[in-house]
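The following exercises concern a predicted model with two chains. Each task is followed by a solution in steps.

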2 protein chains.
Amino acid sequence: MELHQQRRMTRQRRVILEELAKVTSHPSADEVYAMVRRRIPRISMGTVYRNLDVLWESGTIQKLVSGGSQMRFDANAAVHYHVRCVRCGRVDDVAMDPPARIEERAANVTKYKILGHSLEFAGVCPACKKREATGQGTD
Amino acid sequence: MELHQQRRMTRQRRVILEELAKVTSHPSADEVYAMVRRRIPRISMGTVYRNLDVLWESGTIQKLVSGGSQMRFDANAAVHYHVRCVRCGRVDDVAMDPPARIEERAANVTKYKILGHSLEFAGVCPACKKREATGQGTD
DNA sequence: TTTGATGCAAAATATTTGCAGGATA
DNA sequence: TATCCTGCAAATATTTTGCATCAAA
């Protein structure tokens, strides 16, 4: 039960948020680091991680666990779903409403207190579909 | 495009699968390692990781990306949903049917070819709920 | 001023891999 | 017997953290 302390809007924190808001992709921490470093060359990876965490804790950004290796971040904090390309790893938003009473249904079949949910589709993105149709086998 | 080679059922691979099938929890690689080591004390972590991967590639087990830190494994390869405790990281199954036409709905709002989906609920498990109710603040 | 935040580097985690010897089909 | 697999250890990859200094409020 950690108390939230007073947070300060430092240049680093602001720029990280600004850069994240610019893109519709869902960058990993090192990609955010690369973007931010163009504006603050001496920023450290530790600062990037610390700020992504602070922004996530305050509900300003989303932290996605997609694929398996790295975390990905999303400046769109509203609940929405994602689809990940099984070929290239690309992640996009899926603009659909949550299935009716889905958390209520889950609560009925577990002893957990349900707080939220995340839904990720797996699929093949347009670019990979096209590449495959053209006969350019990948993998 | 990797060709699957001929696989051998070694003692290590068999015991890993047997131990995984015994539990309904969703152990992480090091938990599997601990379980298997009771039967094969000299097994190495590398062998555990390699085998979990082989079993996953062949569709024998599921690999869950929950939380963010470690992978978790599930001997039940059938599609089903999970709930993860936000306090202790425990993962359990959620016995509910997929929302009606959910992949069809997703297909309508993206350009992806949808292949599947995974749904994970976040919540507080019975043990953590109880601990909190008893006033034993955690974290 | 106070004290949260930063940069740097080292540490902690989690997972992967090279290699020589061992076991399975 | 062929070659897949193992144990061990070193290497990667990712994320976290201690600390002295800096800066937001």
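**Exercise 1. Characterise the area buried between chain A and chain B, and the polar terms across their interface.**

Solution.
Step 1. Begin with the area: about 3300 Å² is buried between chain A and chain B, and carbon and sulfur atoms give 65% of it.
Step 2. Next, search for charge pairs. With a cut-off of 4 Å between a side-chain nitrogen of Lys or Arg and a carboxyl oxygen of Asp or Glu, the rule finds 0 salt bridges across the interface of chain A and chain B.
Step 3. Then count polar contacts, for which the N or O atoms must lie within 3.5 Å. The rule finds 14 residue pairs in polar contact across this interface, with both residues at pLDDT 80 or more.

**Exercise 2. Determine which elements of chain A give two or more residues to the side that touches chain B, and which element gives the most.**

Solution.
Step 1. The elements that qualify in chain A are strand 3 (81-85), strand 4 (91-94), helix 4 (102-109), strand 5 (113-124) and helix 5 (126-133).
Step 2. Of these, strand 5 of chain A gives the most, with 12 residues.
Step 3. Classified by residue type, the side of chain A that touches chain B comprises 23 nonpolar, 8 polar and 13 charged residues.
Step 4. For the contact count at a cut-off of 4.5 Å between heavy atoms, 44 residues of chain A are in contact with 43 residues of chain B.

**Exercise 3. State in which sense, parallel or antiparallel, strand 5 of chain A pairs with strand 5 of chain B, and name the bridge partner of Glu120(A).**

Solution.
Step 1. Strand 5 of chain A and strand 5 (residues 113-124) of chain B pair in the antiparallel sense, over 11 bridges.
Step 2. Within strand 5 of chain B, Ser118(B) is the bridge partner of Glu120(A).

**Exercise 4. Find the operation that superposes chain A on chain B, and interpret it.**

Solution.
Step 1. Chain A is superposed on chain B by a rotation of 179 degrees with a shift of 0.2 Å along the axis, at an RMSD of 0.9 Å.
Step 2. This is therefore the relation of a two-fold axis.
Step 3. To locate the axis in chain A, take the C-alpha nearest to it: that of Leu119(A), at 2.3 Å.
Step 4. Finally, compare the contact residues: 98% of those of chain A recur in chain B, and the same surface serves both copies.

**Exercise 5. Describe the order of elements and the extent of chain A.**

Solution.
Step 1. Chain A has 5 helices and 5 strands.
Step 2. Along the sequence their pattern is α-α-α-β-β-β-β-α-β-α.
Step 3. Taken along the principal axes, the C-alpha atoms of chain A fill a box of roughly 50 × 45 × 25 Å.

How values were computed: Residues are numbered from 1 along each chain as its sequence is written. Chains are lettered from A and ligands numbered from 1 in the order in which they are written. This is a predicted model: local features need pLDDT of at least 70, side-chain atom pairs count only at pLDDT 80 or more; totals for chains, interfaces and linings use all residues. Side-chain values use heavy atoms; hydrogens and water are left out. Buried area is the accessible area (1.4 Å probe) that two parts lose on being put together, summed over both. A polar contact is a pair of N or O atoms within 3.5 Å; within protein, one must be able to donate a hydrogen and the other to accept it, and residues adjacent in sequence count only if both atoms are side-chain atoms. Helices (H or I, at least four residues) and strands (E, at least two) are DSSP runs, numbered from the N terminus. Ala, Val, Leu, Ile, Met, Phe, Trp, Tyr, Cys and Pro count as nonpolar, Asp, Glu, Lys and Arg as charged, and the others, Gly among them, as polar. Two strands pair if DSSP finds at least two bridges between them. Copies are superposed by least squares on the C-alpha atoms of residues with pLDDT of at least 70 in both.
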